[in-house]
Amino acid sequence: MHKRLILFFLMPSMLWAATWHVDLSSTEVTENGSPTYPFKTIAQASAVMSAGDTCEIHTGIYRETIVPTQNGSSGSPIRYVAYGNEDVVVSGTEVVDNWQVYTGSIYKATGVSMPLGNKNMVFFNSDAQQLARWPNDLDGDPYTYDAFFAETGAGTYSDSYITHYGIPDYWTSGVIFWLGAHSGCSVQRNITGFDPGTHQLSFTPMPTSVWPFSNHSPLTYENGHRGIFFLLNRLEALDAPGEWYYDSAASTLYFYAPGGVDPSTGTVEVAVRDKTIDLTKNYIQFERLNLFGAYVNMQNNNCSLIDMRMRHCIAGLIPDINTTGASTAGGAAIDIIGDNNRIERCLLEEGTSNGINISGNASGTIILNNVIRNFDQQGNHCAPIRSAGTDALIVSNSISGSARDVTRATGEGTVFSYNEVSDGLKACADGGLFYVTGNSIPRNVELSYNWFHDAYSPAYAGVKATGIYLDNDTSGYKVHHNVVWDVQWGGLHFNWDAWYNEIYNNTFWNVGAGEAVILSWVPFINGAQTDVRDNTLINNLSDVRTWWESSPAQDETLDNVFSNNIQEASSPFVSIPDKNFMPVNDPDIVDQGVVIAGVTDGYAGAAPDIGAYEYGGTQWIPGPDWTPSYFSWLLDGSMPGWIRIDLAEIAGGNVILSFTNGPANGWFELQTKTNLMDAAWTTVQTNLPIDATGAGSVTNPIVGPQEFYRLFESDPPPLPPGPSALYTTSFDSPAFSSGTLDGQDGWFAQTQWQADGAGSVANTSGAFIRAHTTNVLGSTAIGEVMAITSTFTLGAYSSPSADIDSWEEGIFIHGMSHQQGVQAWSPGLSAGIYYDVGTGNVELRSGTGTVTSGTNSTVIGAASGLGGTTYTLETVYTKTSSDTWAVTVNLIAGATTNSISYVASAGIDLNTDSDGGGILGGFQALPCSAGSPGVATGPFGASTVTDYSIEVIP
């Protein structure tokens with residue numbers, strides 16, 4: 001009988017779901033996807049993953065496209081996740097670093113591949129840069145086009161040329177950005193020539209028989225002009241910070257970096273891949289990944305993106321398109337084509353076209369609990385969310401920032417609810433915060449429980465920024481319980497044959513000076529009068545203004561149900577500034593509504609109320625249940641110390657930034673900028689503490705509508721150097737003679753504190769208040785540091801009967817009475833040793849008062865073992881606002897150091913006290929219970945102090 005040797009090698013994915021590891025920083029030669037020998041690329045994991053497998057990706061910038069090769073299944077999806085809380089960036093870019101001076105502040109790099117044509121883009125320190133243009137972008141705001149008006153006289157314009165007498169002669173090629181006078185849709189065309197004699201710039205003809213060119217070309221005259229323009233993509237135009245030009249024939253990139261710096265001092269990247277994720281397989285999940293510089297293609301079913309961060313994932317020019325497709329050109333950061341896909345708790349920000357596009361071929365898409373902001377920077381019919389798919393669920397999102405419309409949903413059976421939609425029509429007009437067009441076939445779309453606010457078009461575009469815009473032939477929209485406020489045009493707009501829409505229980509407030517609540521346009525089309533009819537409007541609330549205006553003028557209430565709608569002369573809400581539209585108990589609107597089945601169900605009171613909220617009902621608040629940080633992950637390893645912002649919250653006029661990945665017990669500073677095109681960040685707060693877990697936070701006033709933040713590690717504030725302190729003492733003779741310490745060299749003490757004339761003082765019979773009474777504040781500046789140091793020896797331990805602060809030092813309030821027993825600590829600005837009778841331990845901890853963040857206590861040890869110990873207590877205060885201090889405390893005993901770091905609110909301004917201002921320092925030992933000075937009932941006997949110093953470092 002022959003024996004066979006059978007070798008059985010079990011791959012991790014066989015039989016059971018496997019976890020594969022990817023770590024591009026691994027130095028191991030062997031790569032099998034295990035934790036010890038991880039793959040170095042995500043593609044390696046994709047090649048072996050099957051249903052149920054997970055790919056855990058470790059910290060790094062992965063410059064590749066994730067392309068799953070197998071399907072998952074309903075119960076066993078394939079998952080790509082960040083390992084733990086590590087930062088993982090999947091980037092569509094490559095770094096350019098071979099820079100040399102071209103001329104002045106313009107640098108060039110040769111051998112650069114930029115293969116994406118109209119989607120080429122350059123990034124500097126993760127910010128998109130500007131393709132060379134004329135005239136220059138003056139402010140870096142993508143929504144202020146800084147454009148010129150074309151000439152309007154006879155012979156100066158056509159569908160293939162415009163005239164402007166300032167155009168430089170070199171514009172014989174390139175691209176023209178054109179936003180017509182109607183201002184509803186921009187286009188871009190290739191420049192075909194320039195006549196220096198007539199100053200006519202020629203471009204690819206606009207097919208004016210095709211919309212959008214039909215009313216967005218130079219042939220249309222509105223608002224006192226024919227259109228605005230700027231020109232792009234000539235090397236000669238590269239003359240301003242942030243501009244770039246790519247010579248594809250020579251593979252050479254030219255770049256004028258922000259601030260005119262050498263580009264090699266930052267990170268320059270170019271887009272080389274158009275996708276970060278390419279999904280053609282089903283049942284795939286992505287979690288906690290950061291995507292940069294390229295879009296996500298979801299041509300699949302049953303896939304999800306959860307807790308993702310995406311920035312600049314769609315950018316580029318609008319190519320020459322001669323169809324209606326020119327109105328939505330440019331793609332999307334997430335392009336969804338398949339069925340039952342889900343986007344949840346993601347941040348999407350910055351893009352030239354759509355944020356999320358849901359194709360008409362998609363069904364069952366869920367867009368839930370996301371923040372989507374600053375898309376459609378090119379100014380056409382793109383939007384942060386544009387949805388045509390059926391049965392879409394778009395719920396609880398914050399959606400903001402667009403040149404034109406902010407949201408659009410036209411798919412049959414779509415639900416659009418509990419979203420906060422704002423900041424639209426920033427460059428264009430004739431649009432809305434929610435905008436749709438239809439075909440007079442009812443769409444069965446529900447628009448409910450949303451906020452729509454802040455839409456104002458620029459002057460050149462005309463006054464045409466509305467809230468909810470049901471444009472040409474829209475039908476079958478149920479619009480209820482929405483709040484629309486602070487928009488430029490009407491709150492609600494119907495056009496053409498808008499039929500069978502239901503408008504219930506909405507609140508419209510401040511929808512434009514001189515504007516009606518509802519607007520309609522019913523022109524003759526193909527010789528027939530259009531008509532807004534068979535719509536139902538009931539239980540709606542507004543301020544006092546015309547309810548409904550139509551053009552041409554007609555009474556639209558005659559063939560629509562318009563009843564039980566109320567207007568109020570003054571606000572019936574709890575607080576408009578706080579976005580609290582709950583009604584007060586106003587008899588004009590409370591219980592004055594009519595019952596509408598499926599809409600007013602569950603009303604409070606005798607009948608439904610008028611408007612979007614019920615008195616005594618639920619104050620529903622739309623939008624996500626989280627506030628994202630700004631895009632803050634590292635895109636370059638040469639920037640050490642950058643701390644990731646985990647949470648950004650708005651509180652009043654402040655932003656609160658928090659993190660959990662800082663260096664333990666370290667320090668950090670806050671930097672801001674208001675224009676991403678600026679090279680430099682401004683440091684606005686320093687000497688901010690990080691606790692032992694690596695966590696910290698900072699509160700900063702919001703100074704403008706657009707502000708960006710980042711956090712960096714910093715050096716700790718200096719401890720006092722001793723001999724150079726503003727006040728230093730070692731209680732030596734002759735400055736300190738034997739006897740009562742009170743009054744000696746500026747000290748206040750009770751009589752039990754005695755100096756021995758030989759370098760120390762002690763409390764002879766108990767624990768009593770002791771304070772240095774000399775004002776030592778150097779200035780009132782934010783960032784000032786005050787340090788107090790004392791060296792003391794605790795007496796023998798004796799078991800106490802209650803909790804007690806055994807030793808304390810800190811800042812006293814200067815200006816309070818200096819009589820014995822009434823000197824008081826500034827709240828929160830003291831620290832020392834505290835005895836806990838319940839545990840028998842002593843802790844290093846802060847004194848009483850408001851501690852706003854950080855770690856303010858740590859256990860030192862059992863009190864019974866600490867008697868007779870000599871300590872040095874260093875307490876350092878850094879002033880961060882008029883009444884807020886960052887505090888670091890070190891308690892040193894031999895080779896052992898215990899530390900705490902926290903932020904404390906002093907509760908008062910320490911520079912405006914009653915007797916001239918200022919602060920002072922001191923130390924004290926305390927009795928076991930209040931009201932018993934002179935009785936040695938603390939856990940330790942008489943304490944001895946040998947050295948003390950107080951220093952202010954401006």
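Reply: Let's start with a term for how open a residue is: buried means under 20% relative accessible area, exposed means over 50%, and partly exposed lies in between (1.4 Å probe, protein chains only). The model here is predicted, so local features need pLDDT of at least 70 and side-chain atom pairs count only at pLDDT 80 or more, while totals for chains, interfaces and linings use all residues. Residues are numbered from 1 along each chain as its sequence is written, and side-chain values use heavy atoms, with hydrogens and water left out.

Me: Let me try that out. Is Asp423 buried, partly exposed or exposed?

Reply: Asp423 has a relative accessible area of 30%, so it is partly exposed. Lys426 counts as partly exposed too, at 26% relative accessibility.

Me: What joins the side chains of Asp423 and Lys426?

Reply: A salt bridge joins them, at 3.3 Å from N to O. The term stands for a side-chain nitrogen of Lys or Arg within 4 Å of a carboxyl oxygen of Asp or Glu.

Me: How many salt bridges does the rule give here?

Reply: The count for this model is 19. One of them pairs Arg234 with Glu236, whose closest N and O atoms are 2.9 Å apart.

Me: Are Arg234 and Glu236 buried, partly exposed or exposed?

Reply: Take each partner in turn. Arg234 has a relative accessible area of 15%, so it is buried. Glu236, at 41%, is partly exposed.

Me: Which residue meets Asp307 in a salt bridge?

Reply: The partner of Asp307 is Arg345, at 2.8 Å from N to O. To place the two, you need strand numbers: strands (E, at least two residues) and helices (H or I, at least four) are DSSP runs, numbered from the N terminus. Asp307 sits in the loop between β26 (304–306) and β27, and Arg345 in the loop between β29 (342–344) and β30, so their salt bridge ties together parts that are 38 residues apart in sequence. As for openness, Asp307 is partly exposed at 24%, and Arg345 is partly exposed at 30%.

Me: Which residues are linked in a network of salt bridges?

Reply: Look for Asp127, Arg311, Glu349 and Arg373, which are linked in such a network.

Me: How do I read the surroundings of one residue? Which residues does His312 touch?

Reply: First find where His312 is: it belongs to strand β27, residues 309–314. Contact means heavy atoms within 4.5 Å. Setting aside residues up to four places away in sequence, His312 touches Phe123, Ser126, Asp127, Ala128, Phe292, Gly293, Ala294, Glu349 and Glu350. Two names return from the network of salt bridges, Asp127 and Glu349. His312 has a relative accessible area of 7%, so it is buried.

Me: Could we try a residue in a loop? Where does Ser737 lie?

Reply: Ser737 lies in the loop between β66 (727–729) and β67 (739–740). Its relative accessibility is 39%, so Ser737 counts as partly exposed. Beyond its neighbours within four places in sequence, Ser737 is in contact with Gln744, Ala755 and Gly757.

Me: How far apart are Ser737 and Gly759 in sequence and in space?

Reply: In sequence, 22 residues separate Ser737 from Gly759, and in space their C-alpha atoms are 9.4 Å apart.

Me: Now the strands. In what order do the strands of the open sheet with β7 and β11 run?

Reply: Two strands pair if DSSP finds at least two bridges between them. This open sheet has 5 strands in the order β7-β8-β20-β19-β11, and its pairing is mixed. Its edge strands are β7 (99–103) and β11 (130–131), each of which pairs on one side only.

Me: In what sense do β11 and β19 pair?

Reply: β11 and β19 (residues 243–247) pair in the parallel sense, over 2 bridges. To see one bridge, find Gln130 and look across to its partner in β19, Glu243.

Me: Can we follow a chain of pairings further along? Which residue in β44 is the bridge partner of Leu447?

Reply: The partner of Leu447 is Val479. The strands here are β41 (residues 445–448) and β44 (residues 477–480), paired in the parallel sense over 4 bridges. β44 also pairs in the parallel sense with β47 (residues 502–504), over 3 bridges. Val479 appears again there, with Ile503 as its bridge partner in β47. Trace Leu447 to Val479, then Val479 to Ile503, and you have stepped from strand to strand.
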